[in-house]
Amino acid sequence: MRMYDIIMKKRNGGELEDREIRFFIEGYTRGEIPDYQVSALMMAIYFRGMTERETQELTMAMAESGDRLDLSQIHGIKVDKHSTGGVGDKTSLALTPMVAACGVSVAKMSGRGLGHTGGTIDKLESFPGFTTELTRQRFTENVNRIGIAIMGQTADLAPADKKLYALRDVTATVDNMSLIASSIMSKKLAAGADAIVLDVKTGSGAFMKKQEDAEALAREMVRIGRNAGRKTTAVISDMDQPLGLSVGNALEVREAIETLMGKGPEDFEELCLVLGSQMLIAGEKAGSVQEAEKKLKEVIADGSALRKLAEFVEAQGGDSRAVYNPDMLPRAEIVRPVPAPESGYIGSIVCDEVGICSLILGGGRETKESEIDLSVGLTLCRKVGDYVRKGDPLVVVHGNAEKRVEEAAGRYLRACRITDAPPCPGPLIKAVFT
Ligand code: URA
């Protein structure tokens with residue numbers, strides 16, 4: 001078999017056979033097929049697309065290209081959750097202890113990530129001493145004992161995707177439905193959970209700006225998961241403005257803690273209940289959404305979800321006192337309220353721009369090597385649809401350098417549109433594919 005023929009077949013609109021897909025994935029992972037040939041194939045796929053069968057085979061080949069986690073020593077149904085990402089998305093921090101307190105085991109691999117704020121792991125490192133460098137044995141023991149463990153992604157999990165994603169990133173071939181779906185699902189399948197709940201974001205702060213694209217991606221990933229024998233569901237949720245009120249690592253941890261105390265922002269709590277319900281149903285701890293929501297509300301009300309977070313932090317070396325006293329989390333030196341320049345309704349907030357404000361403050365990474373400042377970020381005082389009076393705070397900027405605080409404040413003011421008439425914001429939950 002020759003890579004040249006595979007490229008030409010796809011370039012001409014042909015359908016690749018399973019063995020051809022395996023050939024290029026295995027050869028590329030081993031370093032036997034050069035980047036320039038795989039780039040050409042990616043571009044041909046970008047223009048010609050892939051059938052459902054091709055996408056499935058590509059996913060399986062990438063999932064099987066390296067390590068696969070064996071979770072068989074963990075009792076019960078293991079449920080994983082994945083978000084396509086957005087600004088202020090701290091869902092895993094609150095959701096994981098909520099579902100674990102209801103008896104669903106969460107054995108999760110998370111990333112650090114580039115972007116506006118860190119990934120789940122960076123956020124969790126706001127707890128002094130917290131580590132995700134667990135041995136496989138300790139990972140398994142922790143899930144069996146307390147119901148949660150989160151570890152960093154091993155270098156050898158779906159290595160074919162790692163190489164391909166880096167290549168797509170520099171060859172303008174990321175935004176293809178089959179390539180995105182197979183990339184995400186290959187990592188989820190390799191991570192070994194029995195059931196997967198996907199949170200697919202849509203809106204100005206999301207990867208998928210249009211709802212129809214988010215829905216198509218969700219359908220594709222649900223189909224791939226099910227064909228691979230995993231219970232898979234997807235929720236389409238809004239990312240046209242930041243989720244909750246906080247953006248920034250330690251600030252988001254604080255908001256997750258407040259949510260577990262029953263004092264979280266409404267939209268964030270709603271998303272946790274919707275995703276949590278799907279996780280409880282997948283984990284066979286509830287038979288319906290109503291029953292699941294009731295259980296999730298109970299574990300917030302009786303404090304068991306918060307205690308579960310403390311147990312989890314402690315089990316991974318962190319100082320769990322910060323769960324009950326969030327003032328122990330990293331805090332910025334400058335905390336600056338930014339007044340509204342005029343009275344009116346918040347018509348829109350350009351979500352991506354809020355993320356960039358966090359990046360300017362030092363809350364995210366521009367390159368893999370960048371240091372991240374866990375203490376900085378923004379706390380929104382008004383969300384879309386709220387009324388604000390001139391001079392009242394619109395947002396609070398948390399930073400450690402005066403110049404950066406000024407720049408972030410100015411940028412936030414430009415991202416936030418104030419209107420005379422109230423806008424009609426769409427629903428947070430757009431659709432659920434079960
Ligand atoms: N996230 C991934 O993991 N892969 C993609 O292709 C896009 C987003």
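Which ligand atom is 2.6 Å from an N or O atom in the side chain of Ser183? The exercises below start from that contact. The model is predicted: local features need pLDDT of at least 70, side-chain atom pairs count only at pLDDT 80 or more, and totals for chains, interfaces and linings use all residues. Residues are numbered from 1 along each chain as its sequence is written, and side-chain values use heavy atoms, with hydrogens and water left out.

**Exercise 1. The ligand shell**

Task: list the residues around the ligand, then describe the polar pairs and the helices involved.

Solution.

1. Take residues with a heavy atom within 4 Å of the ligand. They are Tyr165, Arg168, Ile180, Ser183, Ile184, Lys187 and Phe207.
2. Sort them by class. The shell has 4 nonpolar, 1 polar and 2 charged residues. Here Ala, Val, Leu, Ile, Met, Phe, Trp, Tyr, Cys and Pro count as nonpolar, Asp, Glu, Lys and Arg as charged, and the others, Gly among them, as polar.
3. Look at the polar pairs. A nitrogen atom of the ligand is the one 2.6 Å from a side-chain N or O atom of Ser183. A ligand oxygen atom sits 2.9 Å from a polar side-chain atom of Arg168. For Lys187, a side-chain N or O atom is 2.5 Å from an oxygen atom of the ligand.
4. Check the cover. On its own the ligand has 240 Å² of accessible area, and the protein covers 85% of that. Areas use the Shrake-Rupley method with a 1.4 Å probe.
5. Assign the helices. H8 (159–169) and H9 (177–190) each supply at least two shell residues. H9 gives the most, with 4 residues. Helices are DSSP runs (H or I, at least four residues), strands likewise (E, at least two), numbered from the N terminus.

**Exercise 2. Two positive phi values**

Task: place Ala158 and Ala172, and decide whether each is buried or exposed.

Solution.

1. Ala158 lies in the loop between strand E3 (148–152) and H8. Its phi is positive, near 45°, in a residue other than glycine.
2. Ala158 has a relative accessible area of 1%, so Ala158 is buried. Buried means under 20%, exposed over 50%, partly exposed in between (1.4 Å probe, protein chains only).
3. Ala172 lies in the loop between H8 and H9. Its phi is also positive, near 55°.
4. Ala172 has a relative accessible area of 56%, so Ala172 is exposed.

**Exercise 3. Strand E9 and helix H16**

Task: find the strand partners of E9, then what covers H16.

Solution.

1. E6 (246–247) and E9 (377–380) pair antiparallel over 2 bridges. Pairing requires at least two DSSP bridges. Val247 stands opposite Leu378.
2. E9 also joins E11 (393–399), antiparallel, through 4 bridges. Gly377 has His398 as its bridge partner there.
3. H16 (351–361) has buried residues Cys351, Val354, Gly355, Cys357, Ser358, Ile360 and Leu361.
4. Their cover includes E6, E8 (344–349), E9, E11 and H17 (402–415). Contact means heavy atoms within 4.5 Å.
5. Gly362 follows H16, with a positive phi near 105°.

**Exercise 4. Thr91**

Task: describe the surroundings of Thr91.

Solution.

1. Thr91 belongs to helix H5 (91–101). Its relative accessibility is 0%, so Thr91 counts as buried.
2. Its side chain makes a polar contact with the side chain of Asp89, at 2.5 Å. A polar contact is a pair of N or O atoms within 3.5 Å; within protein, one must be able to donate a hydrogen and the other to accept it, and residues adjacent in sequence count only if both atoms are side-chain atoms.
3. Leaving out residues up to four places away in sequence, Thr91 touches Lys81, Leu243, Phe268, Leu271, Cys272 and Leu275.
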